[in-house]
Each structure stands twice: as C-alpha cells, then as structure tokens.
Amino acid sequence: MSLDPPVLEHVNKQAVVGIGMIQWNTAFISKDHMPVLGLVLGGCVSCELFCEGSTRECDCKDSILCECLFRCLEDDLVQMLGQFLDVCFHLNSLCHEKFAHLQMVSATTAVNNFDTKHEDMIHDAQLDYYGKRLATCSSDRTVKIFNVEGSSHQLMASLTGHEGPVWQVAWAHPKFGSILASCSFDSKVFVWKENNGQWNKIKDHILHTASVNSIQWAPHEYGLALLCGSSDGKISILTYKDDGNWDVNQFNAHSIGTNSVSWAPSLVPGSLVQTTSGQQTKRFASGGCDNLVKIFREENGSWKEESVLEGHSDWVRDVAFAPSIGLPRLTLASCSQDRTVIIWTQEDPKGPWNKRLLKQDPFPDVLWRVSWSTAGNILAVSCGDNKITLWKENVDGEFAQIGDVNES
C-alpha cells in the first residue's frame with residue numbers, strides 16, 4: 001500500500017484503529033470473478049473525534065455523519081474523512097487458498113487475518129453498519145457471518161439455501177433489525193433476519209429468470225426496500241409493508257442484462273448551503289450489458305426511466321452514487337469492461353448529466369468495481385490486474401491518484 005495523505009495533528013489515530021466503525025465497505029471483484037475483496041474504511045467513527053480541537057463545542061455521542069460533522073465544516077475537519085487512509089481496513093481473499101483474510105492495517109502492518117472456511121472462491125464481503133459483523137459469500141453457495149472485534153473473530157452462522165454461486169450480500173440499516181440480503185446465480189434473492197442469535201429466511205424473491213448480479217438496500221429514510229438487478233435485463237424492488245407483506249415492483253431496464261444498481265442519496269442536493277424543504281425524489285442508477293448507464297426515478301408509485309447516459313463502449317460492470325453531505329452537485333461513478341471510469345455529475349435535479357473520464361488513459365485491464373468513501377470525496381477502483389487504486393478530486397476539479405493496493 002502506498003499512501004501519504006495529510007493528517008490533522010489533533011486527531012487520535014489509535015482511537016480510529018481501535019473502533020473501526022466507518023463504512024466504506026465494497027468488495028472488489030477482479031478478472032473472471034477471481035476475488036480481490038477490498039475494504040477500505042476512512043475517517044473516524046466518533047463525532048467526538050471529528051470535533052476534538054474544534055472551535056465548536058460538541059456533545060454529540062452519535063455515530064458517523066451526525067449533525068456535528070456539518071457544524072465542523074467551517075473548521076475544515078470534514079477533510080479528516082479520507083485522510084485516514086494510512087489507518088484503514090483491507091479485506092482480501094486469496095482464492096487459490098480459499099481464504100478470506102480480515103486485516104486491520106496501520107500503514108502496512110496486518111494485525112488480524114483468518115480463514116473463513118469457505119470451500120470455493122469468495123465473491124463479496126460486507127461489514128454491517130457498526131463494523132462489528134462481517135458477511136461473506138462464495139461459489140460454495142453459502143453465506144457466512146462473523147463477529148469481528150479488534151484482533152478476534154468468531155463464526156456466528158453459515159447460511160445455506162442458494163443453488164448457485166452467491167454474488168453479493170447487503171446489510172440493511174440497523175433501525176430495521178439484523179437483516180441481510182443475498183443474491184445468486186440461481187436467480188434468487190434471499191432476505192435473512194436474526195432473532196435471538198438464530199438466522200432465518202424471511203423472504204424468497206424468485207421472480208427473476210436469470211442470475212441476480214447486484215443488490216442494495218435503499219437509504220433508510222425510504223423504508224426497508226431492496227433494489228435488485230438481474231441478467232434477465234430486469235430490475236426489481238422489494239418493499240416491506242407495515243402489514244408484514246412485501247410489495248414487488250419489477251420492470252425492464254437493460255435489454256441484455258443488468259450488472260449493477262445503486263441508490264441515489266436521500267439527502268436533498270444543496271441542503272447544506274441553503275434552506276430546502278421536502279424529500280428528494282427517489283432515484284437509482286443501473287449499469288448493463290448494453291454499455292449504458294440509466295437513471296430511474298419514482299413517479300406516482302411507479303418507476304420511470306429518467307436519463308440514459310452514453311459513454312462506455314463495453315459492458316458497464318458497476319455504478320456507484322457518491323454519498324451526499326448536502327452539496328448541490330450529485331455525483332455518480334461508473335466503470336466498464338472498456339477499462340474506463342466515468343464520473344457523471346448533475347448540478348440541478350432537472351438538468352443534464354455531465355461526464356468526464358477519471359483519467360484520460362485507459363486502465364491496464366477490465367474494471368470491476370467502484371466505491372466511494374463515506375464523505376464521497378475519495379473513489380476506490382478495482383481493476384482486473386488485481387490492483388485497487390484510490391482517487392481524490394483536487395481543487396481544480398481533476399481527480400488524482402492518492403494511493404493503491406496491489407494484490408498479486
């Protein structure tokens with residue numbers, strides 16, 4: 001790992017290492033689904049750490065991205081997010097040994113790594129909201145859940161039921177309880193819930209007719225809603241209702257297959273710098289085998305195609321909206337089989353999408369995953385050459401590489 005970011009002197013870095021709750025937890029899939037599962041967590045977990053040394057008094061004990069973070073903006077402490085890349089987590093899987101190693105890293109020193117006991121390649125790994133539990137999924141058709149605290153780990157559950165490789169897992173917001181979703185090549189999506197230490201399946205979503213490749217829970221402000229993208233070209237949204245039933249909304253999206261989906265942030269653009277009212281219209285992005293990125297919005301209870309973004313010349317492998325802290329601009333990243341990353345920005349909800357390449361020269365190999373840091377100011381890109389690169393926008397609006405993780 002080669003990282004040399006600036007660090008604010010008054011920050012207690014050891015506290016960040018010890019708690020490790022910040023979520024920047026996307027797994028990076030490399031060529032031919034040979035996994036290089038990357039997990040990079042930046043920033044600090046406690047509002048107290050953001051505000052230590054600040055001119056503002058802070059009595060907030062809440063977790064990340066509380067109101068105190070916004071109050072600290074004028075003290076430039078928001079820069080702390082992303083500047084802790086020398087104190088980060090990195091999760092990787094060596095598929096030829098069938099290991100999942102959880103590593104808590106300070107600089108380049110690993111303090112913990114363990115064998116997940118998966119019997120085949122690992123395709124995804126996600127920490128929950130608090131960073132205390134890790135879910136992994138594999139071609140062995142299982143999902144495993146671990147408790148991870150500091151240097152200790154414990155296998156809590158091994159979930160079975162899928163009939164093909166499990167591609168992704170996703171944790172719901174804890175306000176809904178301990179809920180995990182998984183999607184598989186078997187065209188099914190399962191929703192699991194923990195009660196008194198026991199995990200049970202509470203929903204089988206079996207309407208898709210081909211591999212379900214991508215899932216993501218909606219921002220918790222929208223309720224318990226799961227977005228699913230499938231190789232059958234369709235997207236579906238599962239929504240839990242107060243009566244205990246699930247509504248399913250399914251519609252066509254990409255003619256020859258949907259590879260990825262991403263919810264837009266719920267925060268109203270511009271709310272940080274000006275008074276706004278109401279809630280943002282629900283929107284999400286999808287990437288497909290038709291080389292397109294599409295934006296959908298909810299309108300009168302149904303979903304409409306809002307924009308079609310053209311720019312890639314091969315399959316779009318992943319799309320990711322940047323988290324919002326209320327700035328006016330909405331930002332979306334997409335990566336493709338064509339070895340490019342495009343940054344799409346929209347200055348007004350009804351305005352056009354502007355595109356620019358993350359870098360002018362193509363990457364060395366196919367690109368598989370993109371993931372934003374918690375503050376939305378650093379982008380991680382996973383490449384088929386088994387390298388993860390980290391990019392940050394400078395004051396001139398250009399993205400510059402600030403680090404890389406090389407797993408050979």
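Start by selecting Ser 184 and Gly 164: the Ser 184 side chain comes within reach of the backbone oxygen of Gly 164, at 3.2 Å. Keep in mind that this is a predicted model.

**Stop 1: around Ser 184**

Stay on Ser 184. Is Ser 184 buried or exposed? Its relative accessibility is 0%, so Ser 184 is buried; the cut-off for that word is under 20%.

Now show what Ser 184 touches. Leaving out residues up to four places away in sequence, the list begins with His 162, Gly 164, Pro 165, Val 166 and Trp 167. Add Ser 211 and Val 212 to finish the list. Gly 164 thus appears twice on this stop: as a contact of Ser 184, and through the backbone oxygen that the serine side chain reaches.

**Stop 2: the strand that holds Ser 184**

Which strand does Ser 184 lie in? Ser 184 is part of β10. Select residues 179-184 to see β10 whole. Then add β9, residues 166-171. β9 and β10 are antiparallel and share 5 bridges. Pick out one pair: Val 169 has Ser 182 of β10 as its bridge partner.

In general, strands of a sheet pair through backbone hydrogen bonds, either parallel or antiparallel.

**Stop 3: the open sheet**

Widen the selection to the sheet. Its 4 strands come in the order β9-β10-β11-β12, and the sheet is open, with antiparallel pairing. Which strands stand at the edges? They are β9 and β12, the latter covering residues 198-205. Each has a single partner strand, so one side of each has no neighbour in the sheet. Look at the twist as well: neighbouring strands here are turned by 25 degrees against each other on average, direction ignored.

**Stop 4: β13 and β14**

Go back to Val 212, one of the residues Ser 184 touches. Select β13, residues 212-217. Of its 6 residues, 5 are buried, so the rest of the structure largely encloses this strand. Next add β14, residues 225-230. β13 and β14 run antiparallel, joined by 5 bridges. Across from Val 212 you will find Ser 230 in β14.

**Last stop: the whole chain**

Zoom out and colour by secondary structure. The chain has 28 strands and 3 helices. Of its 408 residues, 56% count as buried. Now consider contacts with a separation of 6 or more: 49% of them join residues 24 or more positions apart. Finally, turn on the surface. The accessible area of the chain is about 17300 Å², and carbon and sulfur atoms account for 45% of it.

Methods:
Residues numbered from 1 in each chain as written. Predicted model: local features only at pLDDT ≥ 70, side-chain atom pairs only at ≥ 80, totals over all residues. Heavy atoms only, no water. Buried < 20%, exposed > 50% of the residue type's maximum accessible area, 1.4 Å probe, protein only. Helix = DSSP H or I, 4+ residues; strand = E, 2+ residues; numbered from the N terminus. Pairing = 2+ DSSP bridges. Axes fitted to C-alpha atoms, helices over the stretch in contact; angles between N-to-C directions. Polar contact = N/O pair within 3.5 Å; in protein donor to acceptor, adjacent residues only side chain to side chain. Contact = heavy atoms within 4.5 Å. Areas by Shrake-Rupley, 256 points an atom, 1.4 Å probe, with all protein chains shown as cover.
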